[in-house]
Amino acid sequence: FDAGVLRSLPVPWVPWVPVDTEPMSALLTGYMAWALQPLAMSRNGQALMKEQSIQAAYVPPGIDTAFWTPGDQREARKRLGLPQNVFIAAFVGANQTNPSRKSLVQIILAWQLFLETHPDQRDAVLILHTNLGDSQGGIYVKGMLEALNLSESNWRASDQLLYAAGYITREYVRDIYRAADVLLNPSMGGGFELCMAEAQACGTPAISCNWTAMRETNWSGWQVDERTGGELFWCEMGA
């Protein structure tokens, strides 16, 4: 947001704020000076804003748990054209930054290492529900997969035309969660990470970082932090 525009708004500004750095960035803190009432997506974000003397209300995203539910894994795999008796991991997220805030580079490198060091899992499949190109400012995923010589039998991607046009149905995404054994979401920073809430509601645990809002939205899986293999990154927001 442009500070001049925020100052001139003829109506109160009530922003719903993802805080995905620790501590909260100076850039985001400056924006909040023009807010009538900030709304925090997570308790973590609310606490980080309080450290900057910003009193935010707590308004988390919600999901429809009558829709996002566990289902038959075999049927979900059948609908997606996936093999039945193999280990399947899934990534569901936007590819819009470089370096990738969603850690797409690290996910793909880890997947290659997993296949190399686990010969009993040579048929494992990684689902990539994302943009494989760099048109939105992200990384060129397709080029990376080709450069690493990752066999197309070990990864699948959502239809890129349908994905770009916004025609992917939520039933399709639910099938991804149900088909997978684990969701990969080691994000560099998350304001909430809605995909983890959806996946876990479908009965699929997540691998995430023990960082920002992921501390409170990963309830059933595994977390990694800087003491157990993670590393710090400086981002374009100045934090």
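Two strands pair if DSSP finds at least two bridges between them. Helices (H or I, at least four residues) and strands (E, at least two) are DSSP runs, numbered from the N terminus. The model is predicted: local features need pLDDT of at least 70, side-chain atom pairs count only at pLDDT 80 or more, and totals for chains, interfaces and linings use all residues. Residues are numbered from 1 along each chain as its sequence is written, and side-chain values use heavy atoms, with hydrogens and water left out.

**Exercise 1. Describe the open sheet and the pairing of strand 2 with strand 3.**

Step 1. Start with the order. Three strands form this open sheet, as 1-2-3, with parallel pairing.

Step 2. Find the edges. Strand 1 (16-17) and strand 3 each have a single partner strand, so one side of each is left without a neighbour in the sheet.

Step 3. Count bridges. Strand 2 (residues 39-40) pairs with strand 3 over two bridges, in the parallel sense. Leu-39 has Ala-57 in strand 3 as its bridge partner.

**Exercise 2. Place strand 5 among its partners and state whether its residues are buried or exposed.**

Step 1. Check burial (buried means under 20% relative accessible area, exposed over 50%, partly exposed in between; 1.4 Å probe, protein chains only). In strand 5 (residues 125-129), five of the five residues are buried, so the strand is largely enclosed by the rest of the structure.

Step 2. Sort the side chains. Val-125, Ile-127 and His-129 point one way; Leu-126 and Leu-128 point the other way.

Step 3. Take the first partner. Strand 4 (residues 88-92) pairs with strand 5 in the parallel sense over five bridges. Phe-91 stands opposite Leu-128.

Step 4. Take the other partner. Strand 6 (residues 155-157) runs parallel to strand 5, joined by three bridges. Here Ile-127 stands opposite Arg-156.

Step 5. Trace the crossovers. A crossover is right-handed if, with the strands pointing away from the viewer, the path from the first strand over the helix to the second runs clockwise. Strand 4, helix 5 (residues 104-117) and strand 5 make a right-handed β-α-β unit. Strand 5, helix 6 (residues 141-147) and strand 6 make another right-handed unit of this kind.

**Exercise 3. Work out which residues surround the ring of Trp-68 and which charges sit over the ring of Phe-67.**

Step 1. Set the rule. Rings of Phe, Tyr and Trp (its six-membered ring) pair if their centres lie within 6.5 Å; planes under 30 degrees apart count as stacked, over 60 as edge-to-face and the rest as tilted. The count by this rule is five aromatic pairs.

Step 2. Apply it. Phe-67 and Trp-68 are edge-to-face, at 4.9 Å centre to centre and 90° between the planes. Trp-68 and Tyr-177 have centres 5.7 Å apart and planes at 65°, so this pair is edge-to-face.

Step 3. Locate the second pair. Trp-68 lies in the loop between strand 3 (57-58) and helix 4 (73-80), while Tyr-177 is in helix 8 (residues 170-179), 109 residues apart.

Step 4. Join the rings. Phe-67, Trp-68 and Tyr-177 form one aromatic cluster. Phe-67 and Trp-68 are buried, and Tyr-177 is buried.

Step 5. Add the charges. A charge sits over a ring if NZ of Lys or CZ of Arg is within 6 Å of the ring centre and within 35 degrees of the ring normal. The charged end of Arg-170 sits over the Phe-67 ring, 3.7 Å from its centre. That of Arg-174 sits over the Phe-67 ring at 4.0 Å.
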